[in-house]
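Visitor: I should like a close look at a single part of this structure. Please choose one helix and describe its setting and its contacts in connected form.

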Amino acid sequence: MKGDKNRMICFNTRYMELYNQIIHNFLEIDVFGDEYIDIGDIIEDIVPKYLYREQYSKCEKVLKELYEWTEDKFYHDMTCFHELMLSNYLDYLAESREDYEDFNNIYFDEETQKKIREVSKEKLKEYGEDDGFTLEDMEEDFYNPYCYADELFTDLDFKLIEQLYNEKKNNFPIIAKTMGINLDFYFDILPMDIQEKYKSKHITLTGEVTELLKFIQERITYGSLSKLFWENDNPINEERIQIILENLMEAYFYSKGVDITREALLGSGKVDFKLHRNNSEENEKILIEVKKAKSSYLKAGYERQLTEYIKSSRCTNAFYLIACFTDDEYEKAYNFIRNHIYTDNFQMYINIEIVDVRKKIPASKNISKSRRVIRKKQK
């Protein structure tokens, strides 16, 4: 095993380097370290039959990426496909552990065992022996793949993919609503006939709105759409922003069976937009509220106004859009998002998004500025 410290899949744990090293060892021993090993046998054992049957090439590619990424010099983020395969592989390995008396020595080389001992000593100091933990307890967390889930995965929603889709199909998404899960995140691991049914790759209306907002931001950043948000070098007001968004949504959702209502009356007030899709399989409502970052009602619009609208309308999801016209406003919006994680069961359905309409510096000015900086440094 190489002593390369820059091997990284981005796991949300301080022991990311060690887990990358361990997983790379596992895959090298089980799959990629022997040319006579049939990778298909491993894949067949760790993925659902429909994925093995319909997306075998993708399974093989993802497994190879897990192996290569764990010794790469770049940071890599896993998709739901990577998470599913890694989780199932670790479960498979944990079950195999019972069949090997010398499992630790087979799968953990001397370098890795030494690293586990060092890290476990650090963990023990943090927890404290007075809490009843021993060094062996800390080491067992690294030697037993069953213990990895909390360290390597933010959640295990992908294990519920069948239930999530079936409940959605029956228009009764209990799990998704209770846990705040968006099924679109797991689109790639659905059976192919279901994927074919949703040409836009979005099963939920939430996913459709997210894609629309992504497109709008791209046209603002790289196109000329940003010009509509300024008039005589001054930012337009919220009503004008709503008119622009209304027209963009009308065009995007044309023929998609989505009704758009502006200034919809809900409870004690009016929400900027209510989107509704209702057919034989879908009955979704999305609320959208727009605020300028400099608005004195920015916090109240999220914590009280939009939350109350969700309660009164029983909506499945909502978007809080913050329009930013200056660097200070962008910083304010960014900090707002960072500090406003949902605090109740309704706010967990609110997606906060920044609409960045700051004025762009022309490319020619950027080049001139860069040249001035270079000449200054040369002097």
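Guide: What follows concerns helix H8, its cover and its salt bridge. This is a predicted model, in which local features need pLDDT of at least 70, side-chain atom pairs count only at pLDDT 80 or more, and totals for chains, interfaces and linings use all residues. Residues are numbered from 1 along each chain as its sequence is written, and side-chain values use heavy atoms, with hydrogens and water left out.

The chain has 17 helices and 7 strands; helices (H or I, at least four residues) and strands (E, at least two) are DSSP runs, numbered from the N terminus. Of its 379 residues, 46% are buried, where buried means under 20% relative accessible area, exposed over 50%, and partly exposed in between (1.4 Å probe, protein chains only).

Helix H8 spans residues 135-143, and its buried residues are Leu-135, Met-138, Glu-139, Phe-142 and Tyr-143. Viewed down the axis of H8, these buried residues fall within an arc of 140°, so they line one face of the helix; the arc is that of the directions from the helix axis to the C-beta atoms. An α-helix has 3.6 residues a turn, so residues three or four places apart point the same way. The cover over the buried residues of H8 includes helix H1 (16-32), helix H5 (80-97), H6 and helix H7 (110-127), contact being heavy atoms within 4.5 Å.

Helix H5 also meets H8 through charge. Glu-140 forms a salt bridge with Arg-97, with the closest N and O atoms 3.2 Å apart; a salt bridge is a side-chain nitrogen of Lys or Arg within 4 Å of a carboxyl oxygen of Asp or Glu. This pair links distant parts of the chain, since Glu-140 lies in helix H8 and Arg-97 in helix H5, 43 residues apart. The two partners differ in burial: Glu-140 is partly exposed at 32% relative accessible area, whereas Arg-97 counts as buried at 16%. A search of the whole structure finds 18 salt bridges.

Among the covering helices, H6 comprises residues 103-107 and contains Ile-106. The relative accessible area of Ile-106 is 37%, which means that this residue is partly exposed. Ile-106 forms a nonpolar surface patch with Ile-29 and Tyr-100, together offering about 240 Å² of accessible area. Patches are made of residues with over 30% relative accessible area and no salt bridge, like charges being joined within 9 Å and nonpolar side chains (Val, Leu, Ile, Met, Phe, Trp, Tyr) within 5 Å. Accessible areas come from the Shrake-Rupley method with a 1.4 Å probe; for residues, only the protein chains shown count as cover.
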